[in-house]
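User: Hi! I'm new to reading protein structures and would like a close look at one part of this one. Could you walk me through it once it is on screen?

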Amino acid sequence: MKYDLSKVGIHMNLQYECITTTINSNGKKNSAPFAFIYLGEDKVMCRIFEGSQSLKNIQETRQYVVNVTQDPIIFTKSIIDELPEEHYTDDEDIAILKDAGSYLIIEVDEIEMKTPEDFPIKNDTNIYFINGTIKDFVINDESIKAFNRGFSSLIESLVNCSRYKIVNGEKKQFYKDRLEENKRIINKVSDENTQKAMEILAEEYNKY
């Protein structure tokens, strides 16, 4: 089945920051922010590092939910603390955020482990590539859009640009380094327009 995820701002082969919710066989729910990639039709994938409770739950139940939200409290609590039960719906067999603007229920097709040698990262932790099939797509808020962090990287670089023009020495190099890091993020996760905007901005940095 083909789904039109563009209704919530999700386009093929780009990376979006969403809240992944899972549940274990004892009914305990868990949430965590993970990057989500739509592969087209009804196929999706995400990457999760070894040791995550979300990964353990997905391996056990072969299911997870992608919740589309831009609530900063939900993102923060999901990564530094256990999200209270009050944030979930009353469903006993699945974990869904009560106030999610949209959500997708994903059935896992394949879980593939990648070692640091297979997928270079800056630590020794294995990473798991999880491919799945969309089983349901629900929109609760027609205005909701998934968050792509490349846009935030662009905004940061735009703000830094005005500062870059008036500082010298180490501070100038600091903003130049931030530009390069933000450019790396944008080239990895963002669309062509955002990448083009960063190219234009980089040319402006080079004038100073």
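In which strand is the place of I111?

Analyst: Happy to help! One thing to keep in mind from the start is that this is a predicted model. I111 sits in strand β5, which covers residues 102-114.

Let's look at how open that spot is. The relative accessibility of I111 is 23%. Residues count as buried under 20% and as exposed over 50%, with partly exposed in between, so I111 falls in the partly exposed group.

Next come the neighbours. Leaving out residues up to four places away in sequence, I111 touches I58, Q59 and R62, and also Y128, F129 and I130. For a sense of distance, try finding I186: this residue is 75 residues from I111 along the chain, and the C-alpha atoms of the two are separated by 27 Å.

Now let's zoom out to see the setting of β5. The protein has six strands and five helices. Following the sequence from start to end, their order is β-β-β-α-β-α-β-β-α-α-α. Along the principal axes, the C-alpha atoms fill a box of roughly 60 × 40 × 35 Å. Of the 208 residues in the protein, 46% are buried. Contacts also reach along the chain: taking those between residues at least 6 apart in sequence, 69% join residues at least 24 apart.

T69 makes a nice contrast with I111. T69 is found in a loop, the one between β4 (63-68) and α2 (72-80). With a relative accessible area of 9%, T69 is buried, whereas I111 is partly exposed. The side chain of T69 has a polar atom that lies 3.0 Å from the backbone nitrogen of D71. Not counting residues up to four places away in sequence, T69 touches I19, I74, F75 and I144.

Strand β4 also helps us find an empty space inside the model. Searching the whole structure for cavities of 30 Å³ or more turns up one, and the volume of this largest cavity is about 30 Å³. Its lining is made by T21, T22, I23, T61, Q63, Y64, V65 and A95. The elements that give two or more residues to that lining are β1 (15-23) and β4. Sorted by class, the lining has four nonpolar and four polar residues, with no charged ones.

There are open spaces to explore as well. The second largest pocket holds about 260 Å³ of space. Among the residues lining this pocket are G9, H11, L14 and Y16, along with K145, A146, F147 and N148. Others in the lining include F151, S190, D191 and T194. By class, the lining of the second largest pocket has five nonpolar, five polar and two charged residues.

Finally, a word on the cysteines. The structure holds zero disulfides. For C46, the closest cysteine sulfur is in C18; the two sulfurs are 10 Å apart, so they are too far from each other for a bond. C46 is buried, with a relative accessible area of 2%. C161 counts as buried too, because its relative accessibility is 7%.

To return to your starting point, look once more at β5 and find I111 there, then pick out Y128, F129 and I130 among the residues that I111 touches.

Methods
Residues are numbered from 1 along each chain as its sequence is written. This is a predicted model: local features need pLDDT of at least 70, side-chain atom pairs count only at pLDDT 80 or more; totals for chains, interfaces and linings use all residues. Side-chain values use heavy atoms; hydrogens and water are left out. On a 1 Å grid over the protein atoms alone, a cavity is a set of points where a 1.4 Å probe fits but cannot get out, and a pocket is an open set with protein on both sides within 12 Å along at least five of seven lines; lining residues have an atom within 4 Å of a point. Grid points are joined across faces, edges and corners, and a volume is the space filled by probe spheres set on the points. Ala, Val, Leu, Ile, Met, Phe, Trp, Tyr, Cys and Pro count as nonpolar, Asp, Glu, Lys and Arg as charged, and the others, Gly among them, as polar. Helices (H or I, at least four residues) and strands (E, at least two) are DSSP runs, numbered from the N terminus. Buried means under 20% relative accessible area, exposed over 50%, partly exposed in between (1.4 Å probe, protein chains only). A polar contact is a pair of N or O atoms within 3.5 Å; within protein, one must be able to donate a hydrogen and the other to accept it, and residues adjacent in sequence count only if both atoms are side-chain atoms. Contact means heavy atoms within 4.5 Å. A disulfide is a pair of cysteine sulfur atoms within 2.5 Å.
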